[in-house]
Amino acid sequence: MSETHIKLQESHVNEINRHIASQPGQEVCGLVGGIWQNNDRVAVARAVVPIKNVDANPTLRYTMSPKEQVTAILDFEKHGWEVVAIYHSHPGEPARPSPTDIAEASFPDAVYLIGIPGGDLQGWRINKGKTQPVQVEIITKEENF
Ligand SMILES: [Zn+2]
C-alpha cells in the first residue's frame with residue numbers, strides 16, 4: 001500500500017482552524033490546492049480556499065457549493081495546481097471519516113483533512129469504502145518550502 005503524506009504550511013493550518021472556529025456548531029469545508037511530489041505520494045499544499053457548505057443539514061454534513069468549487073479549481077489550474085486535499089470539520093464527532101464521509105467520498109486521489117473545533121487536523125484517504133490515515137506534516141515558514 002502506498003504511503004501518502006501531506007505537507008501544509010502553518011498558515012494553511014491556521015486558516016483551516018480559523019474557518020472551523022468561525023462556525024463551531026456546523027461543518028465547514030474547503031479545498032486545498034497544491035502539487036504532488038515523490039511519485040504522487042507527497043501532497044504539497046499551496047493554497048487553502050474555504051467553500052460554502054450548502055447542505056440543508058450543515059450541522060451533520062457538508063456539501064460544497066458547486067459554483068465556489070469550480071471557481072477554486074479554475075484558479076488552482078491557473079497556477080498549475082490540483083485539488084490535493086478536501087477539508088471539513090466535525091463539530092461533535094471525532095476527526096475521522098464518518099460513515100457518510102466514506103459513502104460519499106468522491107476524490108479517491110485527494111487527502112481528506114478532518115478537523116474538530118479547538119482540535120488537531122487529521123488526514124485520511126478514502127477509497128472504495130476503505131479509509132487509511134495520512135500523515136499531516138506542518139511546515140513552519142523558516143523551512144525551505
Ligand atoms: Zn465528515
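## Reading a zinc site and a barrel

Guide: Welcome! In this predicted model, the zinc ion has an irregular site, with angles of 57 to 157° among its four donor atoms.

Visitor: How should I read those angles, and what are the ideal ones at a metal?

Guide: For four tetrahedral donors the ideal is 109.5 degrees, while six octahedral ones ideally give 90 or 180 degrees. Four donors count as tetrahedral if all angles lie between 85 and 135 degrees. Here the angles run from 57 to 157°, and the site is irregular.

Visitor: Which residues coordinate the zinc ion, and at what distances?

Guide: H88 and H90 each coordinate through NE2, and D101 appears twice through OD, at 2.0 to 2.5 Å. Along the chain, the spacing of these donors is H-x1-H-x10-D.

Visitor: Are the histidines H88 and H90 buried or exposed?

Guide: Buried means under 20% relative accessible area. H88 has 1%, so H88 is buried. H90 also has 1%, so H90 is buried too.

Visitor: Now the sheet: in what order do the strands of the barrel run?

Guide: The order is β1-β3-β2-β4-β5-β6-β7, a closed barrel of seven strands with mixed pairing. On average, neighbouring strands are turned by 35° against each other, direction ignored. As one example, β1 (residues 5–9) pairs with β3 (residues 42–51) in the parallel sense over three bridges. Within that picture, K7 has V44 in β3 as its bridge partner.

Visitor: Where do helices α1 and α2 lie?

Guide: Helix α1 (residues 10–22) lies across β1, β2, β3, β4, β5, β6 and β7, at about 35° to β3. Helix α2 (residues 66–78) lies across β2, β3 and β4, running at about 140° to β3.

Conventions
Residues are numbered from 1 along each chain as its sequence is written. This is a predicted model: local features need pLDDT of at least 70, side-chain atom pairs count only at pLDDT 80 or more; totals for chains, interfaces and linings use all residues. Side-chain values use heavy atoms; hydrogens and water are left out. Donors are N, O and S atoms within 2.8 Å of the metal (3.2 Å for Na, K and Ca); water is not among the atoms, so sites may look incomplete. Four donors count as tetrahedral if all angles lie between 85 and 135 degrees; four count as square planar and six as octahedral if opposite donors are over 155 degrees apart and all others between 65 and 115; anything else is irregular. Buried means under 20% relative accessible area, exposed over 50%, partly exposed in between (1.4 Å probe, protein chains only). Two strands pair if DSSP finds at least two bridges between them. Helices (H or I, at least four residues) and strands (E, at least two) are DSSP runs, numbered from the N terminus. Axes are lines fitted to C-alpha atoms, for helices over the stretch in contact, and angles run from 0 to 180 degrees between N-to-C directions. Contact means heavy atoms within 4.5 Å.
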